[in-house]
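Biologist: Before I rely on the terms used for this model, I should like to see each one set against its definition. Please show the structure, and let us begin with the ligand.

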Amino acid sequence: MNVNFSKTAVIGAGAMGRGIAQMAAQAGSEVFLMDSLPGAAERGIASLSEQWDKLHAKGKLDAQARDALVARVRAVTSMEELVGCDLVVEAIIEDLEAKRQLFRTLESVVAPATVLATNTSSLSVTAIAKALAHPERCAGFHFFNPVPLMKVVEVIAGFKTSAEVCGRLAGFAEQMGHKAVRAQDTPGFIVNHAGRGYGTEALRIAGEGVADFATIDRILKDQAGFRLGPFELLDLTGLDVSHPVMESIYHQYYEEPRFRPSVITAQRLAAGALGRKTGEGFYRYPDGTQQAAEEPPAPKPEVLPGVWISPRAARRAELIKLVHDLGAQIETGATPSTTALILVAPLGFDVTTVAAVERLDATRTVGIDMMIDDAATRRRVLATNPATRVDIRDAAHALFARDGKAVSVIRDSGGFVTQRVVAAIVNIAADMCQQEVCSPADLETAVTRGLGYPQGPLAMGNLYGPTNMLEVLFNLQTVYGDPRYRPSPWLRRRGALGLSLMHEEEA
Ligand SMILES: NC(=O)c1ccc[n+]([C@@H]2O[C@H](COP(=O)([O-])OP(=O)(O)OC[C@H]3O[C@@H](n4cnc5c(N)ncnc54)[C@H](O)[C@@H]3O)[C@@H](O)[C@H]2O)c1
């Protein structure tokens, strides 16, 4: 195979540099690993050999191929040894001046055609390239940790980067077995930008006292299919990493309200409750395993009241059938009787607003999230309002738990939990398309591979309905008056026209 770069230097032999060196060697390139810390490059090479020995032991690499790979990598100590390289990838500390200094020095050593790539996660590629006499040869080449398993790379064009350089890097990524996605040089590129909705909206929900961390996690896993809840994910990454990223992207986008971080993580970071690594985060990890409080069992009231369902409930016909199948008496009058449990099923609105607008008795009104088809979800979510009577809340809980399905009862929230979080994710992704950060297809690939979401955010929006997403956001804006929920023009137009969120305008 003709490899795009036959001699690759990787500078910085830490977690990322080692992974990039491994993939470059596996793609067929000769690899030179360098680090400013004495012995670090040698240790990096030793760890690569171990990786390949493991692959050999598992039968995934024959002895000849392993030996060829080991022979293809070596540690170097001086820049001059990199003179023949046609690609240099830097994975040193995340510091603009250090990266600029490195590239400036490199430019005086390597050939004019050598491509200089940066693995930066948060710095501007354009700003790094500014150090060079030939900025057109510099691009972002952003891998994810652990590099061999996270099979996606963002190829980022700085202001002056040549298209040819990006094309060669994208081709090299494919030779590594990774999927290359193209991003504009914007804060967070694709993955770290698209990932802003999940944690920040979950933190807002927790911050409003709607539900505890474990309940929010359970709801998002069971209703929307996320593998990890937002708080489990924050514990895994560690707040020392995630809180500064939240702050950095928020400030880099000039205090865009959609990315507003939370005082919850700021305070926990200050307390040193970082997550798994400190044994305490949103959960406790006394012996390394996550401890979460048991869910309370459903109450068992003696009698269930009749149920009156608002004419404006989302998926009303399905809700009527569900309540009927669960064995409740359904009231059919135009208004509820004086004893009825009153059910509302809003999109984006909170239960309080619906009770007030529809002039319902708030003490007997409970909301249920019907955005997702009941058959497609493993959990039902009910919300009270501040006036809901405890016996009515318990009756609703008991009713919806009758067939054994999990039920969470939360406090009032515009759009419950799932509607809000999904709408935040979809809206941010839509706006990335509007701003042409990347193509819709690359956005979907980057997010599913880089964040492990059940679907790409645009597919998620299509699944729940672009028009529903729009309605959720409009109503969230009414409830909270927060520009955080203003819909992106991309979503607004596609939602209004009934188009797919993947739809691109003709050239
Ligand atoms: N860790 C991640 O999850 C991740 C993911 C994507 C991108 N990145 C980016 O990759 C880069 C490296 O991250 P990492 O996690 O591998 O860091 P790391 O701390 O594990 O490794 C950095 C290595 O670079 C060396 N180094 C520092 N300054 C140097 C210099 N001037 N010249 C040569 N070597 C130098 C250090 O000795 C160290 O071995 C950073 O820019 C980071 O933002 C990290």
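Modeller: A backbone N or O atom of Ala-15 lies 3.1 Å from an oxygen atom of the ligand. The model is predicted, so local features need a pLDDT of at least 70 and side-chain atom pairs one of 80 or more, whereas totals for chains, interfaces and linings use all residues. Numbering runs from 1 along each chain as its sequence is written, and side-chain values use heavy atoms, without hydrogens and water.

Biologist: What makes the approach of Ala-15 to the ligand a polar contact?

Modeller: A polar contact is a pair of N or O atoms within 3.5 Å; within protein, one atom must be able to donate a hydrogen and the other to accept it, and residues adjacent in sequence count only if both atoms are side-chain atoms. The 3.1 Å pair at Ala-15 therefore qualifies. So does the side chain of Asp-35, with an N or O atom 2.6 Å from a ligand oxygen. At Ser-121, a side-chain N or O atom is 3.3 Å from a nitrogen of the ligand. The protein covers 71% of the 830 Å² of accessible area (Shrake-Rupley method, 1.4 Å probe) that the ligand has on its own.

Biologist: Which of the residues around the ligand come nearest?

Modeller: There are 18 residues around the ligand, and Met-16, Asp-35, Glu-94, Lys-99 and Asn-119 come nearest. A residue is near if one of its heavy atoms lies within 4 Å. By class, this shell has eight nonpolar, seven polar and three charged residues. Asp, Glu, Lys and Arg count as charged; Ala, Val, Leu, Ile, Met, Phe, Trp, Tyr, Cys and Pro as nonpolar; the others, Gly among them, as polar.

Biologist: Why is the pairing of Asp-240 with Lys-277 called a salt bridge?

Modeller: The term requires a side-chain nitrogen of Lys or Arg within 4 Å of a carboxyl oxygen of Asp or Glu. The N to O distance here is 2.9 Å, so the pair qualifies. It links distant parts of the chain, 37 residues apart: Asp-240 lies in helix H11 (residues 239–252) and Lys-277 in the loop between helix H12 and strand E9. Helices (H or I, at least four residues) and strands (E, at least two) are DSSP runs, numbered from the N terminus. By this rule the count comes to 29 salt bridges.

Biologist: How do you know that Lys-405 is buried or exposed?

Modeller: Buried means under 20% relative accessible area, exposed over 50%, and partly exposed in between (1.4 Å probe, protein chains only). At 19%, Lys-405 therefore counts as buried. Its salt-bridge partner is Asp-374, with the closest N and O atoms 3.7 Å apart. Asp-374, at 16%, is buried as well. By contrast, Asp-394 has 22% and is partly exposed, as is Arg-393 at 33%; these two form a salt bridge at 3.1 Å. Of the 507 residues of the chain, 54% count as buried.

Biologist: What makes Leu-233 eligible for a surface patch?

Modeller: Patches are made of residues with over 30% relative accessible area and no salt bridge; like charges are joined within 9 Å, and nonpolar side chains (Val, Leu, Ile, Met, Phe, Trp, Tyr) within 5 Å. Leu-233, in helix H10 (residues 230–237), has 32% and so passes the accessibility cut-off. Together with Leu-228 and Leu-236, Leu-233 forms a nonpolar patch with about 230 Å² of accessible area.
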